[in-house]
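Q: Could you take a close look at the buried interior of this protein and walk me through what sits in there? I'd like one connected story rather than a list.

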Amino acid sequence: MRLPSGRLVRGRGVRRPLPEGQEPTYGLYLLGRRPPGVAWESRWLRWPDFWLPLSRSAAREALGEAWERAGEERVEIACGGGHGRTGTALACLAVLDGVPNAEAVAYVREHYRPRAVETPWQHRYVARFR
């Protein structure tokens, strides 16, 4: 997904095969359990399916790092299916990139996936993110 600044971030579901093309140089994995190992640098953020990150401060730090790194590196953000948690994280990156909170979910649905950000509490998380 291309952010307004031009930064690119790949969202995906880890239950699906790795897409063709260049591998990321950094990955942020949003899962309830430790993710399987990958060949690139990565970070795990404990985030149960259909919920919110267990630590808001750790989430803010991890999302900020992913946004910063996307300026120069190939970054991917992934959860199990690639919709709810990944969409929520991408919407937060859009906020960091200058999209108003109230428009971030719509931005991600238009530029990533129509089903991104699945639950009411994920919507509220994006609306209050900063």
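A: Start with the contacts that reach along the chain: of those in the protein with a separation of 6 or more, 62% are between residues 24 or more positions apart. Keep in mind that this is a predicted model. Buried residues account for 50% of the 130 residues, and the accessible surface is about 6800 Å², with 50% of that belonging to carbon and sulfur atoms.

As for the layout, you have four helices and four strands, and from the N terminus they come in the order β-β-β-α-β-α-α-α. The protein is as compact as a globular protein of its length, because its radius of gyration of 13 Å is close to the 14 Å that the globule rule gives for 130 residues. If you like to think in boxes, the C-alpha atoms fill one of roughly 35 × 30 × 25 Å along the principal axes.

Now for the interior itself. The largest nonpolar core has 37 residues, and the ones with the most contacts inside it are Val-9, Leu-28, Leu-30, Ile-77, Leu-90 and Leu-93. Strands β2 (26-31) and β4 (75-79) each put in at least two residues, and so do helices α1 (56-69), α2 (84-96), α3 (101-111) and α4 (120-128). Helix α2 gives the largest share, with eight residues.

Leu-93 is a good place to look at that helix, as it lies in α2. Leu-93 counts as buried because its relative accessibility is 0%, where the cut-off for buried is under 20%. Leaving aside neighbours within four places in sequence, Leu-93 is in contact with Leu-3, Val-9, Leu-63, Ala-66, Trp-67 and Ile-77. Two of those partners, Val-9 and Ile-77, are also on the list of residues with the most contacts inside the core. Gly-80 is another story: Leu-93 and Gly-80 are 13 residues apart in sequence, yet 19 Å lies between their C-alpha atoms.

Leu-30 gives you a second view of the core. With residues up to four places away in sequence not counted, Leu-30 touches Leu-45, Trp-47, Ile-77, Ala-78, Cys-79, Arg-85, Thr-86 and Ala-89. So Ile-77 turns up as a contact of Leu-30 and as a contact of Leu-93, while Cys-79 brings us to the cysteines.

If you were wondering about crosslinks, the disulfide count is zero. Cys-79 is in no disulfide, and the nearest cysteine sulfur to it, that of Cys-92, is 13 Å away, whereas a disulfide needs the two sulfurs within 2.5 Å. Cys-79 is buried, with a relative accessible area of 2%. Cys-92 is in no disulfide either, its nearest cysteine sulfur being that of Cys-79 at 13 Å. Cys-92 is buried too, at 0% relative accessibility.

The buried set isn't just greasy side chains, though. Arg-12, in strand β1 (residues 9-13), counts as buried at 11% relative accessibility. The side chains of Arg-12 and Glu-76 are joined by a polar contact of 2.8 Å. Arg-12 also touches Leu-18, Pro-19, Tyr-29, Ile-77, Ala-78, Cys-79, Gly-82, Thr-86 and Tyr-112, among residues more than four places away in sequence. That puts Cys-79, Ala-78, Ile-77 and Thr-86 among the contacts of Arg-12 as well as those of Leu-30.

Another arginine to check is Arg-69, found in helix α1. Arg-69 is buried at a relative accessible area of 15%. Once its neighbours within four places in sequence are set aside, Arg-69 is in contact with Tyr-26, Glu-41 and Val-75.

Last, have a look at the backbone in two loops. Most residues other than glycine have a negative phi. Val-117, in the loop between α3 and α4, has a positive phi of about 65° although it is not a glycine. Val-117 counts as buried, at 0% relative accessibility. Phe-50 has a positive phi as well, near 70°, and lies in the loop between β3 (41-46) and α1. Phe-50 is partly exposed, though, at 41% relative accessibility.

Definitions and conventions: Residues are numbered from 1 along each chain as its sequence is written. This is a predicted model: local features need pLDDT of at least 70, side-chain atom pairs count only at pLDDT 80 or more; totals for chains, interfaces and linings use all residues. Side-chain values use heavy atoms; hydrogens and water are left out. Buried means under 20% relative accessible area, exposed over 50%, partly exposed in between (1.4 Å probe, protein chains only). A polar contact is a pair of N or O atoms within 3.5 Å; within protein, one must be able to donate a hydrogen and the other to accept it, and residues adjacent in sequence count only if both atoms are side-chain atoms. Contact means heavy atoms within 4.5 Å. A nonpolar core is a set of buried Ala, Val, Leu, Ile, Met, Phe, Trp, Tyr and Cys residues joined through side-chain atoms within 4.5 Å. The radius of gyration is taken over C-alpha atoms; the globule rule is 2.2 Å times the number of residues to the power 0.38. Accessible areas come from the Shrake-Rupley method with a 1.4 Å probe; for residues, only the protein chains shown count as cover.
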